[in-house]
Amino acid sequence: MQVESIPVEQLRPAPYNPRRPLAPGDPGWEKLRRSLREFDLVQPLVWNRRTGHVVAGHQRLEILRHDGAQQVDCVVVDLPLEREQALNVTLNNRSVGSDWDPDKLVGLLTELHDLPEFDPTLTGFDAQELRDLLFVPAAESSGGGPPDAPQGPAFVTATLEVPCAEWEEVRTRLDQLLAEYAAVRLHVRRAAGAT
């Protein structure tokens, strides 16, 4: 692997890049910018010497450029255009690789969440996403539950969204859960337009 520090003005975004660009203020932009500031550029961009195109790292490049970077570390390849395009798609393709192992992800996020003086949003998940993943209730009730739902510190309101096609199966399992826990209350609503 050949890594070189390339002047920013020499790094041309690939005109065919199929990823949607981020802009300042977008949640993805802000999360990536925060990561770059916290950890620096730990994953170099990929740049094709033959075409001058950035093959991977367009979002990182735009943030670095926006923040005034003059040079950027890049893995340098020398590929014909069609192989460059295939590499671009491969490196950006979410189906190449694997999904999260939910148990390991939740375990790791729980460890980080429980560390004193550590900000687990450095993982790229915002506070609400972390609460949702870890089943941590918000500090105070927002009043967003059903009007007759119990409020206050003795209750947690959880919202469960179930596709209509799966409702009967999920309903059976919820009935079992409700039979097991007498104090748990369930409020059911069909979303507007659901059939």
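The legends below accompany an overview and several close-up views of a predicted model.

**Figure 1. Overview of the protein chain, which has six helices and five strands.** Read from the N terminus on, the elements of the protein chain follow the order β-β-α-β-β-α-β-α-α-α-α. The chain has 195 residues, of which 24% count as buried. Among the contacts in the protein chain with a separation of 6 or more, 72% are made by residues 24 or more positions apart.

**Figure 2. Confidence along the predicted chain, with a mean pLDDT of 86.** A pLDDT of at least 70 is reached by 90% of the residues. Among the elements of the protein chain, strand S3 (residues 45-48) has the highest mean pLDDT, at 97, whereas helix H5 (residues 127-134) has the lowest, at 84. Over residues 140-147 the pLDDT stays under 50, and the model has five contacts beyond four places in sequence for this stretch. Where pLDDT is low, the predicted coordinates should not be read in detail.

**Figure 3. The crossing of helix H1 with helix H2, whose axes come within 10 Å.** The axes of H1 (residues 27-39) and H2 (residues 58-66) cross at roughly 70°, and the two helices are therefore roughly perpendicular to each other. On the H1 side, the contact is formed by Trp29, Leu32, Arg33 and Leu36, which meet Gln59, Arg60, Glu62, Ile63, Leu64 and His66 in H2. Sorted by kind, the residues of this contact comprise five nonpolar, two polar and three charged.

**Figure 4. Arg33 in helix H1, a charged side chain that counts as buried.** The relative accessibility of Arg33 is 17%, and because buried means under 20% relative accessible area, Arg33 falls in that class. Leaving aside residues up to four places away in sequence, Arg33 touches Ile63, His66 and Asp67. Of these partners, Ile63 and His66 also appear in the contact of H1 with H2.

**Figure 5. Helix H2 and the elements around its buried residues.** The buried residues in H2 are His58, Gln59, Arg60, Leu61, Ile63 and Leu64. They pack against strand S2 (12-13), H1, S3, strand S4 (53-56), strand S5 (71-77) and H3. After H2 comes Gly68, which has a positive phi, near 90°.

**Figure 6. Arg65 of helix H2 and its partners Val8 and Leu11.** Arg65 counts as partly exposed, at 33% relative accessibility. Although Arg65 and Val8 are 57 residues apart in sequence, their C-alpha atoms are 7.0 Å apart in space. Arg65 touches both Val8 and Leu11, when residues up to four places away in sequence are not counted.

**Figure 7. The aromatic pair of Trp100 and Phe125.** A search of the whole structure finds one aromatic pair. The rings of Trp100 and Phe125 are 6.2 Å apart from centre to centre, with 45° between the planes, and the pair is tilted. Trp100 lies in the loop between helix H3 (81-92) and helix H4 (102-114), while Phe125 lies in the loop between H4 and H5, so that the pair links distant parts of the chain, 25 residues apart. The two partners differ in exposure, for Trp100 is exposed, with a relative accessible area of 62%, whereas Phe125 counts as buried, at 18% relative accessibility.

**Figure 8. Asp40 and Glu117, two loop residues with a positive phi.** Most residues other than glycine have a negative phi. Asp40, found in the loop between H1 and S3, has a positive phi of about 70° although it is not a glycine. Glu117, in the loop between H4 and H5, has a phi near 60°, which is likewise a positive value in a residue other than glycine. Asp40 is exposed, with a relative accessible area of 56%, and Glu117 is also exposed, with a relative accessible area of 87%.

**Figure 9. Phe155 in the loop between helix H5 and helix H6 (167-180).** Phe155 is partly exposed, and its relative accessible area is 42%. Phe155 and Val184 are 29 residues apart in sequence, and the distance between them in space is 9.1 Å, C-alpha to C-alpha.

Definitions and conventions
Residues numbered from 1 in each chain as written. Predicted model: local features only at pLDDT ≥ 70, side-chain atom pairs only at ≥ 80, totals over all residues. Heavy atoms only, no water. Helix = DSSP H or I, 4+ residues; strand = E, 2+ residues; numbered from the N terminus. Buried < 20%, exposed > 50% of the residue type's maximum accessible area, 1.4 Å probe, protein only. Contact = heavy atoms within 4.5 Å. Axes fitted to C-alpha atoms, helices over the stretch in contact; angles between N-to-C directions. Parallel < 35°, antiparallel > 145°, perpendicular 65-115°, else oblique. pLDDT = per-residue confidence, 0-100. Phe/Tyr/Trp six-rings, centres within 6.5 Å; stacked < 30°, edge-to-face > 60°.
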